[in-house]
Amino acid sequence: MTHHLTSKDILALGFMTFALFVGAGNIIFPPMVGIQSGEYIWTAAVGFLLSAVGLPVITIIALARVGGGIDALLGSLIGKSSSLFLATVCYIVVGPLFATPRTATMSFEVGIVPLIGDGTLPLFFYSLVYFAVVVSISLYPGNLLDTVGHFLGPLKVAALAVLGIAALFCPAGTIPIATADYQRAAFSNGFVNGYLTMDTLGALVFGIVIVNAARLRGVESIKLLTRYTILAGLIAGVGLTLVYLSLFKLGNGSSALVAQSANGAAILHAYVQWTFGSMGSFFLAALIFFACVVTAVGLTCACAEFFAQHVPLSYKSLVFILSIFSMVVSNLGLNHLIQISIPVLTAIYPPCIVLIMLSFTLRWWNKSSRLIAPTMIVSLIFGVIDGVKTTSFKDILPVFSQHLPLANRGLAWLPPAMIMMLIAAVVDRIKGRKQVTTHL
């Protein structure tokens with residue numbers, strides 16, 4: 001007998017997917033884009049939405065077509081051994097190395113520091129409690145649809161709706177003049193800032209969590225699993241778009257409260273204090289805590305499920321190991337994590353974008369690996385160049401790297417990747433024809 005999800009469960013799956021995506025970064029970075037882009041806000045917003053909503057939803061769809069796992073997607077494109085290596089790198093980067101620790105440090109900086117102050121000891125005790133909550137939920141992945149989809153997801157939606165409605169009807173100032181960067185290139189600055197949400201990389205990890213949540217409801221049909229996963233991704237995409245639009249508006253109307261150079265945490269604090277008074281800090285602390293915990297749970301579950309297939313450790317043991325490692329890394333502090341993560345994300349996003357987009361073109365080629373592997377390699381090389389430019393080591397780069405097409409917009413990888421793709425496509429056609437001729 002084929003099991004189907006009810007409309008309520010499909011909606012809960014969508015809420016769960018939305019809740020997995022929305023962490024502190026998703027709430028902090030849009031207000032910064034809003035206040036810095038000034039009169040160019042909607043041009044910047046389109047770029048941001050493309051990389052922070054469009055790419056994650058497309059990723060979910062791509063994963064749904066192969067069963068939900070990044071290793072399955074990679075394996076169908078570039079071979080088993082290479083796919084396992086790249087999948088492992090992706091899970092480590094998106095999980096215990098950057099994204100999971102960042103959920104703890106961001107929730108601490110945004111929600112707790114204004115209430116009790118900063119310091120290494122408060123951060124340590126907070127991270128201890130934070131990851132104890134993450135472990136307690138992650139140990140039971142079969143309950144995710146109920147815990148996150150039916151309870152924490154709607155709670156997060158309600159809190160974000162309150163913030164969004166306030167931003168829409170209660171702006172705190174007039175629209176500021178855009179910064180020089182946004183006056184020069186509003187769209188590409190918005191697009192590159194969308195990287196910082198890490199949602200596309202998160203989607204590569206969350207795909208299997210979404211599929212497994214449906215499987216645990218008794219759905220076994222591949223066709224139905226694909227349909228439900230795509231629906232969940234679309235629901236999450238609509239939710240993310242609404243959240244980002246409201247937060248762009250919040251930042252764009254907060255020029256009277258903070259300096260234009262203020263970070264997202266400062267913008268949010270100033271706005272909620274102005275709008276909700278003394279209770280604003282508690283409201284923001286609760287919102288950020290729930291947002292980050294849910295994302296951390298999704299990342300921990302996904303990473304534990306992946307590594308349990310490849311190392312001689314149980315799922316529950318891996319939950320503890322990954323959470324402890326993430327807790328240790330989180331105590332480096334938010335600034336250090338962001339400084340390290342920006343060049344890494346700038347480097348690895350381009351090959352991920354190439355992988356996701358070309359996964360929809362497999363039927364066009366005689367042998368897809370001829371096209372996908374070299375294009376990913378070229379995009380990674382130039383992505384590394386873009387990444388180095390964001391660090392103190394940028395002076396070691398050759399002079400020509402500063403004058404590459406789109407280099408001043410953080411997209412130097414795009415033209416070389418397009419050229420490599422065209423060359424590989426021609427090679428694929430020629431080799432394909434030769435094989436046909438030989439066979440005849």
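**Exercise 1: the cysteines**

In this predicted model, work out whether Cys303 is buried or exposed.

*Solution.* Start with the relative accessible area of Cys303, which is 1%. The cut-off for buried is under 20%, so Cys303 goes down as buried. Now try Cys170: its relative accessibility is 33%. Buried would need under 20% and exposed over 50%, so Cys170 counts as partly exposed. Last step, look for disulfides: a search of the whole structure turns up zero.

**Exercise 2: the cavities**

Find how many cavities of 30 Å³ or more the structure holds, then describe what lines the largest cavity.

*Solution.* Rolling a probe the size of a water molecule over the atoms shows where empty space is left. Run over the whole structure, the search gives five cavities of 30 Å³ or more. Next, take the largest cavity, with a volume of about 150 Å³. It has 18 lining residues, and Asn26, Ala99, Arg102, Thr197 and Thr295 sit closest to its centre. Then sort the lining by element: helix 1, helix 2, helix 6, helix 10 and helix 13 each give two or more residues. Helix 6 supplies the largest share, four residues. Finally, sort by chemistry: you get nine nonpolar, seven polar and two charged residues.

**Exercise 3: helix 7**

Check the span of helix 7 against the expected value, and list its buried residues.

*Solution.* Helix 7 covers residues 120-138, which makes 19 residues. At 1.5 Å a residue you'd expect 27 Å, and the first-to-last C-alpha distance is close to that, at 26 Å. For burial, the list reads Leu123, Tyr126, Ser127, Tyr130, Phe131, Val134, Val135, Ile137 and Ser138.

Terms used. Residues are numbered from 1 along each chain as its sequence is written. This is a predicted model: local features need pLDDT of at least 70, side-chain atom pairs count only at pLDDT 80 or more; totals for chains, interfaces and linings use all residues. Side-chain values use heavy atoms; hydrogens and water are left out. The expected span of a helix is 1.5 Å times one less than its number of residues. Buried means under 20% relative accessible area, exposed over 50%, partly exposed in between (1.4 Å probe, protein chains only). On a 1 Å grid over the protein atoms alone, a cavity is a set of points where a 1.4 Å probe fits but cannot get out, and a pocket is an open set with protein on both sides within 12 Å along at least five of seven lines; lining residues have an atom within 4 Å of a point. Grid points are joined across faces, edges and corners, and a volume is the space filled by probe spheres set on the points. Ala, Val, Leu, Ile, Met, Phe, Trp, Tyr, Cys and Pro count as nonpolar, Asp, Glu, Lys and Arg as charged, and the others, Gly among them, as polar. A disulfide is a pair of cysteine sulfur atoms within 2.5 Å.
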